[in-house]
Every structure is written in structure tokens, then in C-alpha cells.
Amino acid sequence: MNRLSAAFVKSAPVGKHADGGGLWLHKRPDGGAQWFLRVTVHGRRREMGLGSLPHVSLKEARLHADMWRAVAREGKDPIKVRQRQRREAERDLHILQDVARDCFESRKAELKGDGKAGRWFSPLELHVLPKLGKVPIAEIDQHDIRNTLAPIWHAKAATAKKAYERLKVCFRHAAALDLNVDLQAPEKAKALLGAQRHKVQHTPFMPWEDVPAFYASLNEGTVTHFALRLLILTVGTRSRPVRYIRMEQIEGDLWTVPADLMKGRQNAEQDFRVPLSEQAQAVIADALPYERDGFLFPNVRKGVISDATMARLMERRGLEARPHGFRSSFRTWCSEATDAPWEVAEACLAHNTGNRVERSYKRTDFLDRRRELMQRWADYVSSAI
């Protein structure tokens with residue numbers, strides 16, 4: 001044992017030199033040198049590298065050799081033990097940004113437009129990854145999460161909540177990958193952050209009494225005016241289905257909105273049938289000359305009009321209300337000016353009603369009753385023309 005000296009190691013000739021106990025120094029013709037250890041496990045000789053000179057000194061090589069010889073005496077293969085240790089170390093070194101992106105890729109199939117339309121990844125990318133992205137997820141604790149989300153927890157409460165929820169999903173994803181994470185870290189961080197001092201701001205809506213006058217003012221025959229009129233007349237569809245409406249979706253007085261244009265997770269919604277009032281059919285006929293690439297409301301350059309186009313029109317007129325608010329206008333009108341049953345009014349807005357069991361037994365979308373109610377709404381909103 002310990003046959004070699006530090007001086008000899010420094011100037012050793014080309015060849016293999018034994019230090020004893022299976023530890024060898026291999027000096028190569030190119031001037032490099034490598035330590036390796038020979039051990040016998042279950043009657044089989046194994047040879048494992050211990051590092052190169054000058055990165056591993058004689059003293060360090062002997063310490064490594066002692067450690068791996070002890071492993072071999074226990075009947076374990078030191079090479080396999082080291083490989084397992086390295087895999088475990090690499091597993092624990094998965095950084096958050098890699099886990100988050102892998103998590104996002106795994107969830108794309110259940111998100112609208114592969115998650116781009118709903119910007120699932122944005123809260124993480126903007127508010128979490130710049131600070132924690134390069135930190136191994138196994139090392140992230142509640143204090144790291146609290147310090148990351150604290151600047152926006154109250155100031156941008158909705159965004160902070162999304163970032164928090166996405167982070168919880170990433171931690172569950174990491175656990176599924178067998179990473180050594182603290183699944184309670186997000187919850188503990190939330191406890192440290194406290195309740196959000198934020199009032200939910202609902203989309204401003206136009207009082208139903210004012211809708212007819214506004215509808216009448218949309219009389220310039222532009223794509224934006226036609227789109228807004230159709231949105232008001234078919235309030236259950238929201239902005240996206242209206243902007244992406246295509247003539248092949250319409251048959252007679254029925255517009256079938258594809259499931260992927262309805263609000264909700266991918267594959268979680270069904271096609272939604274919208275009864276078209278006489279006024280809605282007239283708007284579609286008037287807008288038909290503007291059709292391009294199959295879309296009824298095309299943008300000036302490419303694609304369809306943006307979600308902001310209709311909102312900017314209302315903003316320029318000094319209105320506080322926004323297009324999405326017409327759903328509230330309609331629902332309030334149903335409650336205050338009609339005797340429409342609650343479930344029919346809710347069905348007009350494409351809302352699910354009742355619990356899961358009740359919905360499983362309810363096999364109607366109230367199409368005929370909705371057709372009648374939507375015609376009454378159309379007659380009302382067009383009464384000022």
C-alpha cells in the first residue's frame with residue numbers, strides 16, 4: 001500500500017504504476033494521467049476511473065480508493081453504485097424552468113390552442129422563472145416562492161394567483177418525475193403571503209335599457225359594426241366565436257359553434273348550438289360581402305379582427321362598458337324584463353347549471369325555448385332602429 005510518492009506522481013514515466021490495494025496511475029504518451037481502481041466483486045474484476053491528474057491528487061485518489069474498496073467489500077459493484085448516485089444527483093438538479101416547460105408540453109393537449117390562446121405559460125415566464133428558473137426545483141422552498149410572488153401578490157392579484165396555481169402544477173409534475181420536491185411548498189408560501197387585498201373587478205357592462213340606442217348607432221356597415229351587432233344578438237357565444245364565425249357553421253337559423261371556440265379546457269366542451277334571430281340572420285347576410293378566406297369578419301391584412309377591435313370602438317366613444325359586458329346586459333334583462341326560466345337564460349349564455357349528477361341526466365340544451373327568448377332579445381335591442 002501507498003507505494004507512490006507525490007514527487008514520483010508528478011514526474012512518472014509513461015505506463016501504469018501501482019500504489020497498492022488496486023489503485024493505479026496510468027500515465028499516457030500524450031502527457032495526460034488517469035487514476036483508476038481495480039476491485040473484484042462476485043469473482044469479477046471491475047476497473048473504475050477516479051479522475052485525472054492534476055485535478056485529483058495522490059492523497060485524494062487514495063481517499064476515493066478507500067471509499068470504493070469499502071463498497072466492494074460489502075459485495076456491491078462500486079461502478080453501479082456510483083452511476084446510481086450520479087442519476088440521483090442529476091434528478092435532484094432539475095431546474096425549475098426545465099420542469100415547467102416539460103409540464104407545459106405535457107398539458108398542451110388539454111389546453112385551448114396548445115395553451116397559446118389562454119397563455120398558460122405566461123404567468124410563470126414573466127413572474128416566476130426570471131427569479132427561480134435556474135434553481136433546482138428540489139431546493140425551492142416556501143420562502144423562495146413567497147419572495148418571488150410577494151411583489152405582485154396584491155398589486156396584480158389575478159396574475160399572481162395564476163402564477164401560483166401554475167407553480168403548484170409544476171411541483172406535482174416534478175413529483176411525478178420522481179424529483180425530490182416539497183409538494184407543500186406552494187401551500188406554505190400562500191400561508192406566508194396571506195389573503196390578497198384585491199377586489200374582483202367584473203367586466204363593465206351596459207345597462208340593458210341603453211343597449212337599443214347603442215345597437216342602433218352601429219349603422220356604418222363596417223366589419224366592426226356588424227361584428228358588434230352579431231355579438232349583442234348572440235350573447236352566449238362571447239367574442240372569439242363571433243370573430244371566427246364561418247358560413248359553413250350556419251345552417252338555416254342555427255349556428256353551430258365548434259367546441260374548440262367555446263370557453264373551457266380542450267376536449268372539455270361540446271359544440272354549442274346558437275339559434276339565430278331574424279335580426280342576426282340579417283346581420284350575417286349584410287356582412288357576407290366582406291367574407292375572406294371563409295371568415296365573415298376578416299382583419300384588414302390577415303386573419304380575423306382582433307379581440308381589441310370592438311373594445312377600442314366602445315372606448316373611443318367614451319363608454320366604460322366592454323363587449324363581454326353585453327352578456328351581463330342580457331342576463332339582467334332576462335331577470336328584470338322577462339319571465340324566462342332561470343335555466344333557459346343560463347343556457348343562452350352557455351353556462352352549465354346544476355351539479356355533475358344533474359347535468360348527466362339533463363339531456364336538453366333548451367334550443368326551442370332559447371330560440372324564442374333570443375328572438376325577444378333581438379326585437380328589444382333593435383327596437384330603436
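Biologist: What makes up the accessible surface of the protein chain?

Modeller: The accessible surface is about 21,500 Å², and 49% of it belongs to carbon and sulfur atoms. Areas come from the Shrake-Rupley method with a 1.4 Å probe; for residues, only the protein chains shown count as cover. This is a predicted model: local features need pLDDT of at least 70, side-chain atom pairs count only at pLDDT 80 or more, and totals for chains, interfaces and linings use all residues. Residues are numbered from 1 along each chain as its sequence is written, and side-chain values use heavy atoms, without hydrogens and water.

Biologist: How does the radius of gyration of the protein chain stand against a compact globule of 385 residues?

Modeller: The rule for a globule is 2.2 Å times the number of residues to the power 0.38, taken over C-alpha atoms. That puts a compact globule of 385 residues near 21 Å, but the protein chain has 34 Å. Its C-alpha trace spans about 105 × 45 × 45 Å along the principal axes.

Biologist: Why is R238 called buried?

Modeller: Buried means under 20% relative accessible area, exposed over 50%, partly exposed in between (1.4 Å probe, protein chains only). R238 has 18%, so R238 is buried. R238 also has a positive phi of about 65 degrees, although not a glycine.

Biologist: Why does F366 count as buried?

Modeller: F366 has 15% relative accessibility, so F366 counts as buried. The phi of F366 is positive too, about 55 degrees, and F366 is not a glycine.

Biologist: What makes the peptide bond from L53 to P54 cis?

Modeller: Omega is near 0 degrees for the bond from L53 to P54. Most peptide bonds are trans.
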